[in-house]
Amino acid sequence: MRAPRLALLASASLLVAAGAAHAQDPAPAAPPAPQTAPADAMTPAPGGFTDQELKKFDDAMTQVRAVSDTLNGAQPTPEQQAQMASAIQDSGLEVTRFNAISTAVSSDPELAARIAVLNTAPPAPGTPAASVTDDELTRYVTAMTQIRAVTAEVENGQATPEQSAQLTAAVQGSGLEVERFNTIAQVVSQDDYLQAKAQLIGARAEKGVSQ
């Protein structure tokens with residue numbers, strides 16, 4: 001069982017690296033709305049944003065950030081304000097709705113992960129990545145959550161017998177064979193879409209635990 005244990009340790013670092021690569025930069029502030037909306041109107045209920053709204057937001061944010069990145073901390077000129085406002089209007093979102101989504105995304109990893117999934121092309125049929133089912137990916141992420149907790153305590157890259165047993169138990173508890181788990185770990189490390197979906201599954205699981 002030594003080889004599978006080494007693979008488990010390696011896969012833990014792969015998922016951690018994937019998460020870091022997909023971390024969202026703080027969103028720049030959008031132009032102020034022409035009129036001040038009531039606070040309740042700008043605070044959507046959990047899960048209240050559709051995929052279409054999130055895609056429109058992200059498309060507009062790409063253009064808003066392009067303008068914001070040129071400011072270097074300075075106040076935007078009237079022309080730059082107009083460019084950012086135009087990007088939002090062209091997306092089909094009201095400025096107040098855009099600001100509401102921006103505020104929510106900055107504090108909700110699930111929304112950021114949903115956007116990442118929307119912006120990533122699914123794997124082509126017949127590829128190893130396409131063979132990973134949603135159920136398998138969920139089981140993999142659940143096991144990885146436990147594995148990361150164990151590997152965080154590993155010193156000098158060498159797991160103790162007890163830690164090795166915990167790593168193996170995490171995979172066995174997921175219902176995945178060790179070989180399949182390691183295959184999924186390798187595929188996830190190479191596929192942006194699966195990485196994005198894994199982040200979304202993890203974010204939803206963490207939110208469920210905290211609520």
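**Exercise 1. Find which side chain Glu110 pairs with, and place Glu110 in its surroundings.**

Step 1. A polar contact of 3.0 Å links the side chain of Glu110 to that of Arg204. Keep in mind as you work that this is a predicted model.

Step 2. Now list the neighbours. Setting aside residues up to four places away in sequence, Glu110 touches Leu200, Ala203, Arg204 and Lys207. Arg204, the partner in the polar contact, is thus one of the residues that Glu110 touches.

Step 3. Locate the residue: Glu110 belongs to helix H5. At the start of H5, the backbone nitrogen of Glu110 has a side-chain oxygen of Asp108 within 2.9 Å.

Step 4. Is Glu110 buried or exposed? Its relative accessible area is 14%, and the cut-off for buried is under 20%, so Glu110 counts as buried.

**Exercise 2. Work out how enclosed helix H5 is.**

Step 1. Collect the buried residues of H5: they are Glu110, Leu111, Ala112, Ala113, Arg114, Ile115, Ala116 and Val117.

Step 2. Compare that with the length of the helix. Eight of the ten residues of H5 are buried, so the rest of the structure largely encloses this helix.

Step 3. For context, 38% of the 211 residues of the protein chain count as buried.

**Exercise 3. Describe how helices H2 and H5 meet.**

Step 1. Start with the geometry. Helix H2 spans residues 51-68 and helix H5 spans residues 109-118; their axes come within 10 Å and cross at roughly 80°.

Step 2. Classify the angle. Values from 65 to 115 degrees count as roughly perpendicular, and H2 and H5 are therefore roughly perpendicular to each other.

Step 3. Name the residues that make the contact. H2 brings Asp51, Leu54, Lys55, Phe57 and Asp58, while H5 brings Leu111, Arg114, Ile115 and Leu118.

Step 4. Sort them by type: five are nonpolar, four are charged and none is polar.

Step 5. Zoom in on Lys55, a residue of helix H2. Its C-alpha atom is separated by 6.7 Å from that of Ile115, although the two residues are 60 residues apart along the chain. Apart from neighbours within four places in sequence, Lys55 is in contact with Leu118 and Asn119. With a relative accessibility of 31%, Lys55 counts as partly exposed.

**Exercise 4. Identify the nonpolar cores and the helices that build the largest one.**

Step 1. Look at the overall make-up: the protein chain has nine helices and zero strands.

Step 2. Find the largest nonpolar core. It has 21 residues, and those with the most contacts inside it are Leu137, Tyr140, Ile147, Phe181 and Leu194.

Step 3. Which helices give two or more residues to this core? They are H6 (134-151), H7 (161-174), H8 (178-190) and H9 (192-210). H6 gives the most, with seven residues.

Step 4. Check for another one. A second, separate core holds 19 residues, among them Met84, Phe98, Val105 and Ala112. Ala112 is also one of the buried residues of H5.

Step 5. Put this in perspective: nonpolar side chains tend to be buried together in soluble globular proteins.

**Exercise 5. Examine the backbone at Asn156.**

Step 1. Place the residue: Asn156 sits in the loop between H6 and H7.

Step 2. Inspect its backbone. Asn156 is not a glycine, yet its phi is positive, at about 60°. Most residues other than glycine have a negative phi.

Step 3. Assess its accessibility. The relative accessible area of Asn156 is 80%, and exposed means over 50%, so Asn156 is exposed.

Terms used:
Residues numbered from 1 in each chain as written. Predicted model: local features only at pLDDT ≥ 70, side-chain atom pairs only at ≥ 80, totals over all residues. Heavy atoms only, no water. Axes fitted to C-alpha atoms, helices over the stretch in contact; angles between N-to-C directions. Helix = DSSP H or I, 4+ residues; strand = E, 2+ residues; numbered from the N terminus. Parallel < 35°, antiparallel > 145°, perpendicular 65-115°, else oblique. Contact = heavy atoms within 4.5 Å. Nonpolar A, V, L, I, M, F, W, Y, C, P; charged D, E, K, R; others polar. Core = buried A, V, L, I, M, F, W, Y, C linked by side-chain atoms within 4.5 Å. Buried < 20%, exposed > 50% of the residue type's maximum accessible area, 1.4 Å probe, protein only. Polar contact = N/O pair within 3.5 Å; in protein donor to acceptor, adjacent residues only side chain to side chain.
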